[in-house]
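The following exercises are to be worked with the sequence and the structure in view. Each task is followed by a solution in steps.

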Amino acid sequence: MTTPMGQQPDYKGMFDQACQQIGDAIKTVVDKFNSFVKHVYDNRFFLGPALLVIKGAMEKLREGVDKLVQLVQYLMDHQLPVVSLIVQSFNWVYKVHNPISNLSGQVTDYRSENFEQWTGPTRNSYNRKATEQKAAIDDYVKKSEFVSSWLFNIVKTNVDYVAGLAGIAAKVAGGMVQVSGETVTVVMIPFAADQLAKLISTLVEEGIKTLVKYAQNFIGAIGNVRDIASQVGDATVFTNGKWPIAVAN
Amino acid sequence: MTGYKVVTDALRKEAPKWDDFTRAVVPVKHAVEDASLGVFAFFCGNPVVLALDINAALHQTAYEGYRSFMASVLNGALDEFMQIGDTLVKIAGKYDAAEDIVELDLDSVWDAKQN
């Protein structure tokens with residue numbers, strides 16, 4: 001039988017790689033920002049009244065960098081939990097769905113051909129109970145498929161999101177390196193500050209718009225809380241939330 | 001004339017299959033018990049910076065409800081599979097003990113307390 005597993009890419013590898021790229025990029029961004037601030041500070045007496053112009057640009061630049069840092073910090077705080085989400089999504093397939101679905105066909109695959117010789121009321125009663133058990137097994141398989149695909153949709157939005165954030169962090173790092181504020185001549189500092197502030201601000205704002213789309217995809221993927229509740233509430237097989245009883249106690 | 005036909009050895013051979021089912025379910029039950037997810041596990045995007053209302057707690061609660069249902073329902077599977085195996089052996093014994101019986105009392109057959 002086909003499993004959702006067959007269609008799943010290496011989400012953990014993709015997620016870890018993006019987190020690594022983001023970590024590298026944010027280090028560059030913060031280092032470049034700090035050395036630019038230091039460069040301005042070191043030259044404050046030469047800059048004189050131009051400092052007022054620079055101050056506005058530096059604040060705008062700091063604002064952009066801060067937003068990116070907040071996004072990255074939040075990601076780093078959630079990195080391990082999201083990895084556990086990915087691991088559990090695969091566990092529902094490998095450790096739950098697959099072994100249980102393996103039982104279904106065995107219910108009527110008798111270990112002795114002579115089992116088929118058994119007839120009469122007791123056999124009929126056995127058949128009814130075995131059929132109930134098979135239905136429960138099949139429903140359990142269906143329910144494990146449901147939860148794993150629900151989780152995989154959520155995983156996918158997280159992986160898309162970190163890939164998006166990695167792209168933005170790389171662009172911002174590239175911008176910081178390109179303008180290279182910490183090495184410009186004193187005369188050029190006001191221009192460099194203005195240019196960098198505009199560039200980073202645009203990159204971050206545009207980037208956030210993209211990330212919001214991924215976040216909305218997440219809300220879409222997770223939005224069917226009622227679906228998950230109705231799956232639990234579906235009592236057609238598991239009456240009162242219990243496995244069907246074959247043998248009284 | 002009896003109302004049944006049976007090869008009791010076939011019933012005894014069938015019983016261990018249900019014991020194997022129980023053995024197959026034990027690690028599944030552990031996997032489901034270990035499948036808990038914290039509220040941080042659902043999304044790594046900062047809702048403040050993204051200015052979005054993301055209620056992860058609601059979804060974590062829904063997932064946990066589902067997961068604990070999936071774990072608890074398996075307890076029943078463990079019991080039933082084992083007892084069906086035992087019952088097949090019991091049925092074979094009853095047939096062997098009284099070859100001229102016409103019918104087994106089904107209520108007593110499908111009751112773990114009665115021999």
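**Exercise 1.** State which elements the buried residues of α1(A) pack against, and compare the expected span of α1(A) with the distance between its ends.

*Solution.* Step 1. In this predicted model, the buried residues of α1(A) pack against α2 (44-47), α3, α4 and α5 of chain A. Helices are DSSP runs of H or I with at least four residues, strands are runs of E with at least two, and both are numbered from the N terminus. A residue is buried if 20 or more other C-beta atoms lie within 10 Å of its own, exposed if 12 or fewer, and partly exposed in between, with C-beta atoms placed from the backbone.

Step 2. The buried residues of α1(A) include Y11(A), F15(A), A18(A), C19(A) and I22(A).

Step 3. The expected span of a helix is 1.5 Å times one less than its number of residues. For the 32 residues of α1(A) this gives 46 Å, which agrees with the 46 Å between its end C-alpha atoms.

A note on conventions: residues are numbered from 1 along each chain as its sequence is written, while chains are lettered from A and ligands numbered from 1 in the order in which they are written. As the model is predicted, local features need pLDDT of at least 70 and side-chain atom pairs count only at pLDDT 80 or more, whereas totals for chains, interfaces and linings use all residues.

**Exercise 2.** Describe the largest nonpolar core and the elements that give residues to it.

*Solution.* Step 1. A nonpolar core is a set of buried Ala, Val, Leu, Ile, Met, Phe, Trp, Tyr and Cys residues joined through C-beta atoms within 7 Å. The largest one has 98 residues, and those with the most contacts inside it are I22(A), V162(A), L165(A), A169(A) and V172(A).

Step 2. Two or more residues each come from α1 (11-42), α3 (50-104), α4 (121-179) and α5 (189-222) of chain A, together with α1 and α2 of chain B. The most come from α4(A), with 21 residues.

Step 3. Leaving aside neighbours within four places in sequence, V162(A) is in contact (C-beta atoms, placed from the backbone, within 7 Å) with F15(A), A18(A), C19(A), I22(A), L75(A) and C44(B).

**Exercise 3.** Characterise the side of chain B that touches chain A.

*Solution.* Step 1. In chain B, 55 residues are in contact with 64 residues of chain A.

Step 2. On the chain B side, two or more residues each come from α1 (8-33), α2 (56-97) and α3 (106-109). The most come from α2(B), with 16 residues.

Step 3. This side has 37 nonpolar, nine polar and nine charged residues. Here Ala, Val, Leu, Ile, Met, Phe, Trp, Tyr, Cys and Pro count as nonpolar, Asp, Glu, Lys and Arg as charged, and the others, Gly among them, as polar.

Step 4. One example is D9(B), which is found in helix α1 of chain B. Beyond its neighbours within four places in sequence, D9(B) is in contact with S112(A) and N114(A). D9(B) is partly exposed, because 13 other C-beta atoms lie within 10 Å.

**Exercise 4.** Describe the dimensions of chain B and the confidence of its prediction.

*Solution.* Step 1. Chain B has three helices and zero strands. Its C-alpha trace spans about 80 × 20 × 20 Å along its principal axes.

Step 2. The mean pLDDT (the predictor's confidence in each residue, from 0 to 100) of chain B is 89, and 93% of its residues reach 70 or more. Within chain B, confidence is highest in α1(B), at a mean of 96, and lowest in α3(B), at 78.

Step 3. The model scores ipTM 0.89 and pTM 0.88.

Definitions and conventions:
Contact = placed C-beta atoms within 7 Å.
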